[in-house]
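Q: I'd like a close look at one part of this model, and then a walk outward from there. Keep it informal, please.

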Amino acid sequence: MGTMTKPQFKGKRYRLDRPELLAPAGNLEKLKFAVHYGADAVYIGGQKYGLRSGADNFTFEEMREGVEFAKKYGAKVFVATNIYAHNEDVAGIEEYLRNLYEAGIAAIIVADPVIVDTALRLVPGLEVHLSTQQSTLNWQAVSYWKEEGLPRVVLGRETSLEEIAEIKQHVDIEIESFIHGAMCSSYSGRCVLSNHFTDRDSNRGGCCQSCRWKYDLFEDARPEGNWVSEEEQAEAPQALQPGITQLPLHQPEDNPFTMGSKDLCMLESIPDLIEAGIDSFKIEGRMKSIHYVATVVNAYRKAIDAYMADPEGYVLKPEWLEELQKAANRPLNTGFFYDTPDHEDHIYEPEEKAAPYDFAGLVLEYDAESGMALVQQRNNFKPGQEVEFFGPDDTFFKQTVGELWDEAGNPLDVARHPLQRVRMKVDQPVAYFDMMRKRK
Amino acid sequence: MNNTPELLATAASLEEAAALLDAGASALLVGDDRFGMRLAGHFTLEDTAAVVKLAHTRGGKVYVSINGLIPNTMLEELPAYVKAIGELGVDGVEFGDPAVLAAVKAEAPGMKLHWNAEMTSTNYATANYWGRKGASRVVLARELNMDEMTEMVPHLEVEAQVQVHGMTNIYHSKRKLVASYMSHQGRPSDGGSLGKERGLFLIEAERPNEKFPIYEDENGTHIMSSDDICILEDLHFLLKAGVHSLKIEGLLKPVAYNVAVVKAYRHAMDVYAADPAEYAFEESWLDEVRALQDPERELSFGFFYKEQVY
C-alpha cells in the first residue's frame, strides 16, 4: 500500500474546486445508494454501446429517474458509451446520443473517436470524456483531445502520479483516474484473450476475464527451436530426451501463471491524489453489489471530506480501511501510481471470491422515542446474530439482533423473505437509507 | 479495372528485407524498438537508411512503425526521430497515438500516416475520422471478419490494410508478467532472457494443444496468438473488395518461412491480376509454406469466418 509521506506532486484542478467522487451504478437502485452515500457523480450503462453487456443496463426512462434523483443531491449522471464500434454500430450513434442528452445525462465516457466526433458535432450539450479504453498516457495526446473539445480525459491506468502531475502542468483539462476496484492487467482495450478463447468480443462488452484464468508457462525446447541455458538443461534433464518439445518452467508445487491483478485501492493516498490535482476519483464496479458501492463510496467520501476540511490535520482513520475490507473480494494494491506492479501485485494463489460481509437490511423508518426501526430484508437475519449498522452520516455501530416482528406485530424466528419489512430495536439512532450488514 | 494491391511484409533485418523484396514484397514495415511495438527486428537509423535505399531502387516502399503506447518521457525523443526518418525518405508511418500524428505533421509532413490502433481499429467511420486528421490508410483489426472488412471498403475515404498471414498480438500489458511470476515462484532470475528469442509460451488447462507465445521487452509483456492467420485460399475476396495493402506479419518466424509466404501471396496476386475472372486458388501454392510451418501452430482463417458475441 502507498506510503503516507508529504504529497510530492502539486497540480491544479481544472473546473472543480473539490475532487469529484465518481461511483459506478449498475442499475437504478445502485445509483440511488451511490448518490445517497456521497458520490458527486455516477456512471451507468445504457442499452447500447457500453462495455458491460452483462449488467442490467438502464433504459432511457430509468436514466431520467436516475438523473432526477441525483439532481436532488447536486450529483451528475454519466453514461459509459465506451465500446469500440463495428460497422453495424455506426448508424444508430447519433440518435442514441440525442436520447441520452434528452434524458438529462451530463456526460458520456467514450473510447471510439467516431462516438467522440458524433457527439461533438451533433449533440453539443452532451459533454464528452475520453475513456480509459484509449490508454492515453502522454500530455500531447491529452492536449489533442482537449483541442478536439473534450473537457476531461480518463488516463490509462498505467500512468504514475508523477506522469499525471506532468500532464496537468502541460494541459488545462480535467483528469479522471481510477482509484479503487478491479483492473485490466493489460493496457485497456489492448486485450482480445476473450475473443480468442471464447469468441466473445472484449471491446464490445463480452470480456470473459481470461486474464484471471490459470496457465502453465513453458519454454520451447525443440532441437531447431530456441536457446536453453545449461543450467536449465541441468535442472530439467528430460529436455535431453528425444521427443520432448517443451520444458515446463514450473514445479508441481508452484501456483500456475496468471495475468490476474490485485484490485486497486488508493484510500491511503488521498492527500497525494488531491494535491496532484486529479479532478475526478473513479471507483470501478458497475457489476458490484449495493453493499459494495455504498461501503466504498462512504469510505472515500469521508476521507476526501476530512482532507478538504483540514489538510494539515488530516489523519487516515483505520476504520475507513476496515470498512473497505468488508466489501473487498480481492487483495488490494496501488496499481501504477507509485511504481510498476510486480510479483506482489498479482493473484497467483487460489482466490476467495466472496466479500466477507452481506447486505442484511435497509433502514426504512426509525422512531426515536421507542428506538424501533423498520428494516427491509435484503438477506436472511435472525435474533442473536451480530450485525453492523452504517450510513453516510454518523451511523456506525455493531449490535446483536434482538426480537423481530413483522409489520402486523407477529414475532419472527428469522427474517427470511426478500424485501420483507421487519421491526426491530436498534441500540443507536438510525436513519432512512442506513444499511445493516452481517458477516457471511 | 484492378490495381494490384501492395504486398507488405515485416522485416527483422536488412538481409531479410532484401530476401523479402526478392520474393515479391512491394513494401516493408520496419521500426525502432523505442517507438514501435512487437517489431520483427530493431532498425537503427543507419539500417533504416539502408532499407529505404534498397527498397526504393526496386520500386518498393518502406513504412516505419511508431505504434507504441507513448508515455510523457518519449515525447522528447519523438520529433527528432520522426524528422530523421522523414529525411531518409521513409514513405509512411504507422501510428496509434495522436502525439505521433502531431509529430509527423510538424517534422515530416511528406510522410504518409497509416492509422494502426491494432485491435481497436474496428469500423469505417473511425478510420475516416483519422483520415480527416491526415491519415491515408487504416490498418484493420485482425478480429474483424471477412464481411466486416469487405463491406467496409466502399465506405472508406482512406486505404485499407489487412493482415493476411502470420501471428497476432492478443494481449499487451505494461507489467512484467513473466519476471513477476518467476519472482513469485522464488526463482527471480533463471538466467535466461525473457525476450522473444527465448521461445516462452503459455498453455491454458483446457486447451493443451494451443501454445500462446509470451515475451517481455521494454514495452511490457506481449502474448501472441496460438495460430497463424493464412487467408491465401480466400485471398480473392479481399482482392475483389479492393483492399489496398495485404500484410504479412513475420514476427517470430525464420526468414525462409517469411520468404515462402511472400512468394505464395505474390504468386496468387499476380495470377489474380492477370485474369480476375478466371482466377482459382490452387492448393499447391501453399506447399512450401506448409512444409516450413511450425507443426505445433495451426494455419487458420483467424477471425475471418468467426461470429463473435458480446
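Which residue in strand 19 of chain A does A:Leu404 stand opposite?

A: That would be A:Met424. Keep in mind that this is a predicted model, so everything here is computed from predicted coordinates.

Let's start with the strands that hold this pair. A:Leu404 belongs to strand 17 of chain A, residues 404–406, and A:Met424 to strand 19, residues 421–425; the two strands pair in the antiparallel sense over three bridges. Step back a little and you'll see that they sit in an open sheet of eight strands in chain A, with the order 16-15-20-13-14-19-17-18 and antiparallel pairing. Reading along that order, strand 17 has strand 19 on one side and strand 18 on the other. The sheet's edges are strand 16 (396–400) and strand 18 (411–412), each of which pairs on one side only.

Elsewhere in chain A, helix 2 has a salt bridge to look at: A:Arg64 with A:Glu61, where the closest N and O atoms are 3.5 Å apart. Why do those two line up along the helix? They are three residues apart in helix 2 (residues 60–72), so about one helical turn separates them. That salt bridge belongs to a count of 51 over all chains.

Now for the place where chain A meets chain B. Here 79 residues of chain A are in contact with 73 residues of chain B. The two chains bury about 6,900 Å² between them, with 55% of that on carbon and sulfur atoms. If you want three residues of chain A to click on, pick A:Asn87, A:Arg190 and A:His196: they supply 12% of the area chain A buries against chain B, more than any other three residues.

On the polar side of things, the rule finds 41 residue pairs in polar contact across this interface. There are also five salt bridges between chain A and chain B. A:Asp254 forms a salt bridge with B:Arg187, and their closest N and O atoms are 2.5 Å apart. Several elements of chain A give two or more residues to the side touching chain B, among them helix 3 (87–90), helix 5 (113–122), helix 8 (193–198) and strand 8 (215–220). By residue type, that side of chain A divides into 30 nonpolar, 26 polar and 23 charged.

Strand 8 of chain A also pairs across the chains. Five bridges join strand 8 to strand 9 (residues 200–204) of chain B, and the two run antiparallel. Within that pairing, A:Leu217 has B:Leu202 as its bridge partner.

Follow that strand into chain B and you land in domain 2, which covers 171–223, while domain 1 takes in 6–168 + 226–300. The centres of the two domains, taken over C-alpha atoms, are 26 Å apart. Between them, 16 residues of domain 1 are in contact with 12 residues of domain 2, and about 1,100 Å² is buried, 49% of it on carbon and sulfur atoms.

The domain boundary has one salt bridge. B:Glu296 and B:Lys211 meet through their side chains in a salt bridge, at 2.2 Å from N to O. Five residue pairs are in polar contact between the two domains. On the domain 1 side of the boundary, the residues divide into eight nonpolar, four polar and four charged.

Conventions. Residues numbered from 1 in each chain as written. Chains lettered and ligands numbered in written order. Predicted model: local features only at pLDDT ≥ 70, side-chain atom pairs only at ≥ 80, totals over all residues. Heavy atoms only, no water. Contact = heavy atoms within 4.5 Å. Buried area = accessible area lost by both parts, 1.4 Å probe. Salt bridge = Lys/Arg side-chain N within 4 Å of Asp/Glu carboxyl O. Polar contact = N/O pair within 3.5 Å; in protein donor to acceptor, adjacent residues only side chain to side chain. Helix = DSSP H or I, 4+ residues; strand = E, 2+ residues; numbered from the N terminus. Nonpolar A, V, L, I, M, F, W, Y, C, P; charged D, E, K, R; others polar. Pairing = 2+ DSSP bridges. Domains from an automatic or database assignment.
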